[in-house]
Amino acid sequence: ELLLREGHFEYRSGRHTSILIDRDHLLTNTEVGSRMGYAIAKAVFTDKIHTVVTPSIWVVALAQWVAYFLQPRARVVHAADGKDGSLRIAENLHNLITRKRVLLVDNIIVSGETLNRFSDVVEELGGEIIEIATLWNLADPEIDGYPVFGLLDAAYPALLPADCPLCAKGTHDIEH
């Protein structure tokens, strides 16, 4: 599997990178997934997280690893799509969010729109969002006022066009 493709890519956030990550295959390897979950848990370890919450079933594997490596071990809750396109959390899981310290987790944040909407859902349930964590953040360093920790951000920065070295060279076509 080729997990990374090199080139010049522009994302919905307007940011540019030199790589494209195959997020569909990235977490299919449990050894890789567990190590990434451990690294995220290590970054938020002292925050005393009660519940790891994700906006999608697609991110549950990563959320499970993050929760597993936290002490005490956190619980995991994921949202489902409502009939109207909204994100909702099953009513029988509200108690895992209400008055709990929450870490929002997504695999890759492209624009931040989903987590911006989702943070409102968690806040309405009375969850205290401590931080947002992801494997790779292609959006702003804060979403809805919450800091975003991106595990791969330092290795693969997502830059505005004015800061993009590939744009400065002017020799690369941009893939969308």
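Is E128 buried, exposed or partly exposed? E128 counts as partly exposed, its relative accessible area being 42%. The legends below describe close-up views of a predicted model.

**View 1. The salt bridge between R101 and E128 joins strands β7 and β8.** The closest N and O atoms of R101 and E128 are 3.6 Å apart. R101 belongs to strand β7 (residues 101–109) and E128 to strand β8, so that the pair links distant parts of the chain, 27 residues apart. R101 is partly exposed, with 25% relative accessibility, and E128 is likewise partly exposed, at 42%. Side chains of opposite charge can pair when their charged atoms come close. By the criterion applied here, the model holds 3 salt bridges; the other pairs are shown in Views 2 and 3.

**View 2. D140 and R15 form a salt bridge between two loops.** The closest N and O atoms of this pair lie 2.9 Å apart. D140 is placed in the loop between β8 (128–137) and β9 (142–143), whereas R15 is in the loop between β1 (4–10) and β2 (16–21). The two residues are 125 residues apart, and their pairing links distant parts of the chain. D140 is partly exposed, with a relative accessible area of 44%. R15, by contrast, has a relative accessibility of 12% and therefore counts as buried, the limit being under 20%.

**View 3. R35 and E31 form a salt bridge within helix α2.** Their closest N and O atoms are separated by 3.0 Å. Both residues lie in α2, 4 residues apart, which corresponds to about one turn of the helix. R35 is exposed, at 56% relative accessibility, because the limit for that class is over 50%. E31, with a relative accessible area of 47%, is partly exposed.

**View 4. Helices α2 and α3 pack against each other obliquely.** Helix α2 comprises residues 30–44 and helix α3 residues 60–69. The angle between them is about 55° and their axes are 8 Å apart; the two helices are therefore oblique to each other. The crossing of α2 past α3 is right-handed. On the α2 side, the contact is made by T30, G33, S34, M36, G37, Y38, I40 and A41. On the α3 side, L62, W65, V66 and F69 take part. Sorted by class, the contact has 8 nonpolar residues, 4 polar residues and no charged ones.

**View 5. L104 is a buried residue of strand β7.** The relative accessible area of L104 is 0%. When neighbours within four places in sequence are left aside, L104 is in contact with V53, L115, F118, S119, V122, I129, E131, I132 and A133. P55 is 49 residues away from L104 in sequence, yet the C-alpha atoms of the two residues are 8.1 Å apart in space.

**View 6. L159 lies in the loop between β10 (146–150) and α5 (165–169).** This residue is partly exposed, with a relative accessible area of 25%. Apart from neighbours within four places in sequence, the contacts of L159 are with G14, R15, H16, C164 and P165. One of these partners, R15, is also the residue that forms a salt bridge with D140. The C-alpha atoms of L159 and E10 are separated by 9.4 Å, although their positions lie 149 residues apart along the chain in terms of numbering.

**View 7. A cis peptide bond joins Q71 and P72.** The omega angle of this bond is about -10°. P72 is located in the loop between α3 and β4 (75–78).

**View 8. R99 and D144 have positive phi values without being glycine.** For R99, phi is about 60°. R99 occupies the loop between β6 (87–88) and β7 and is exposed, with a relative accessible area of 73%. For D144, phi is near 55°. D144 is situated in the loop between β9 and β10 and counts as partly exposed, at 36% relative accessibility.

How values were computed:
Residues numbered from 1 in each chain as written. Predicted model: local features only at pLDDT ≥ 70, side-chain atom pairs only at ≥ 80, totals over all residues. Heavy atoms only, no water. Axes fitted to C-alpha atoms, helices over the stretch in contact; angles between N-to-C directions. Parallel < 35°, antiparallel > 145°, perpendicular 65-115°, else oblique. Left-handed = near helix turned anticlockwise from the far one by under 90°. Contact = heavy atoms within 4.5 Å. Nonpolar A, V, L, I, M, F, W, Y, C, P; charged D, E, K, R; others polar. Salt bridge = Lys/Arg side-chain N within 4 Å of Asp/Glu carboxyl O. Buried < 20%, exposed > 50% of the residue type's maximum accessible area, 1.4 Å probe, protein only.
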